Amino acid sequence: MTLNEALARIKERKGQGQAKAHALICGFQPMHLATFLNATLAETFPGDHVEIETDLYGDFAGNLERAADSDALAAAVVMEWSDVDPRLGLRSAGGWSHASQRDIGGMVEGRFERFTSSLEKLGKRMPVAISAPSLPLPPIGHTIRAQTSVLELELEHALDSFLLRVARLNGVRVVDREYLNQLSPSAGRLDAKMELLAGFPYTTAHAAALAGCVADVLYPRPPKKALITDLDNTLWSGIVGEIGPEAISWHQDSHSQTHGLYQQMLSHLADCGVLIGVSSKNELPVVETALGRSDLLIQPDKLFPVRASWGPKSKAVAEILSIWNIAADSVVFVDDNPMELEEVAQALPGITCRRFPGKDAVKLWSLLTELRDLFGKPVLGEEDALRAASIRASSEIREAGASPDFLAGLGGVVTIDYRKDPADKRPLELINKTNQFNLNGLRMSEGEWQRCLAANNSVLAVVSYRDKFGPLGKIGTVLGERHGNTLKVSHWVMSCRAFSRNIEHRTIASLFNITGVDWIEFAFTRTNRNGPLQEFFAQLDSQYTIARNEFESQFPDLPHEVVEVQS
């Protein structure tokens, strides 16, 4: 994006919809960085306009402290070495003598401690993306440029320790320096003339790249949920039906290490909660024998379901999506055969198809890094580790049916937690990624979420579930406001993993019990995906407002033990 394009985008959006305020915290004149950040964030808020709040020039520490009182939705913190000590910038004439350098080194830790304290407070109010110094240190080392001086190493070490501390803070995320290096080579970042004349240190190209990184960290794309992989010449090298399970390979000594790396990546994704399924044109017994090999780098129980047949790949992939109960646009399909990829892409619009590159290590590396981006999320939670097992359990329950006697035999325990904990990211994650049981499809930013939780009349219910098949973790979120004798629910979502257990009925019963209201009013909007919730309301014949007495007479007995937690 050029500067003119950014300005045009801002002008186009000016005055539209609501103002979405964001804090830009830096010590230099924000100028073009604020422009690029505004234009980039505009894509996150279609129909609205973005406002960038800045503070005093030259007072990074003070700006960071004052930002905790801001009503902004999120904060972009862009730090440079001059914010750690002015003598490390170009506009200060404080001296680079050995005595000054010793003084700088002695003060760095104290400055970072102050920044850490401010970031901790800020992260409790809003999501924060912080970028470490991206400009080079001034030429203060006594060595040639090819040799790092002790002072430079000390400063970098202090910076790394600081970044590690703040990355562990609630609500704070750190921009990856290596990724920024790829987008903006270090030699093209500093504009010394602009720094001296106007106090803005960046070239426009670097400002654009930095703004893009910060925006991506604040508002990452919704992660994909699942991956379906081919087997022959994808998960392993060779065609198992022709050479046999013992002859397929994925090891360095057989020049098939790319397949081993791919297996490792799939295993890692599975540990992060990604569902991994298999679609292969093969005989199932042969596939099961191959997947049973002890040297496989992904455990077979991480692969579910496994579909092996001679029919079209699109049919097998569609069956897997049905078992998972998720949409095609949440799934990545990997195959080495371009014809299979095209067939699946045409049959299942929205699915992301990627070709496995065989023994091309360069393209394999590109695929692995892309998979990280497709499935990456800011924080891993307990539910990520439970997802695969709960999907298996849900599949078994759907096959068995959901009769009252069957549900009663599950020994289900529903826990409904009414405590409002801004540090718990799971409820908001459910709102922003759940589609089928979703009241209206409305998404929320972290800043908007925290504002809702802070309201005195807001009500939050976080639903967890476990039964004899194991725990599902947190699978539901209800957010609303109490107005007199009515609870007005703005968001209600439930994971597809919890379907067929009548948990939605138990949730409403608990809301009546805890809030004491006589009416619950739901802000329902029909979407092209929330069919299960539409069916639920059709059962109630409620017109989206439910009366306590009518609900209790219709559903007097529900087959769960209930635990309600209040502050």
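**Group meeting: a walk through the predicted model**

Let me begin at Pro305, which sits in strand 8, residues 303–309, where strands are DSSP runs of E with at least two residues, helices are runs of H or I with at least four, and both are numbered from the N terminus. The peptide bond leading from Phe304 into Pro305 is cis, with omega near -5°.

Before going on, I should say that this is a predicted model, in which local features need pLDDT of at least 70 and side-chain atom pairs count only at pLDDT 80 or more, while totals for chains, interfaces and linings use all residues. Residues are numbered from 1 along each chain as its sequence is written, and side-chain values use heavy atoms, with hydrogens and water left out.

As for backbone geometry, most residues other than glycine have a negative phi, and most peptide bonds are trans. Asn233, in the loop between strand 6 (226–229) and helix 10 (240–243), has a positive phi near 60°. His255, in the loop between helix 10 and helix 11 (257–271), likewise has a positive phi, near 55°. Taking buried as under 20% relative accessible area, exposed as over 50% and partly exposed as in between, with a 1.4 Å probe and protein chains only, Asn233 is partly exposed because its relative accessibility is 28%, whereas His255, at 64%, counts as exposed.

A third residue to look at is His560, in the loop between helix 22 (548–554) and strand 18 (561–565), which at 13% relative accessibility counts as buried. Leaving aside neighbours within four places in sequence, His560 is in contact, meaning heavy atoms within 4.5 Å, with residues including Tyr465, Arg501 and Arg506.

Which residues of helix 18 are buried? They are Arg426, Pro427, Leu428, Leu430, Ile431 and Lys433, and because these make six of the eight residues in the helix (426–433), helix 18 is largely enclosed by the rest of the structure.

Lys433 also helps to line the largest cavity, together with residues that include Pro223, Cys272, Phe375 and Arg387. By cavity I mean a set of points, on a 1 Å grid over the protein atoms alone, where a 1.4 Å probe fits but cannot get out, with lining residues having an atom within 4 Å of a point.

Finally, for the protein as a whole, there are 22 helices and 18 strands, and buried residues make up 51% of the 567 residues. The C-alpha atoms fill a box of roughly 80 × 70 × 45 Å along the principal axes.

Terms used:
On a 1 Å grid over the protein atoms alone, a cavity is a set of points where a 1.4 Å probe fits but cannot get out, and a pocket is an open set with protein on both sides within 12 Å along at least five of seven lines; lining residues have an atom within 4 Å of a point.
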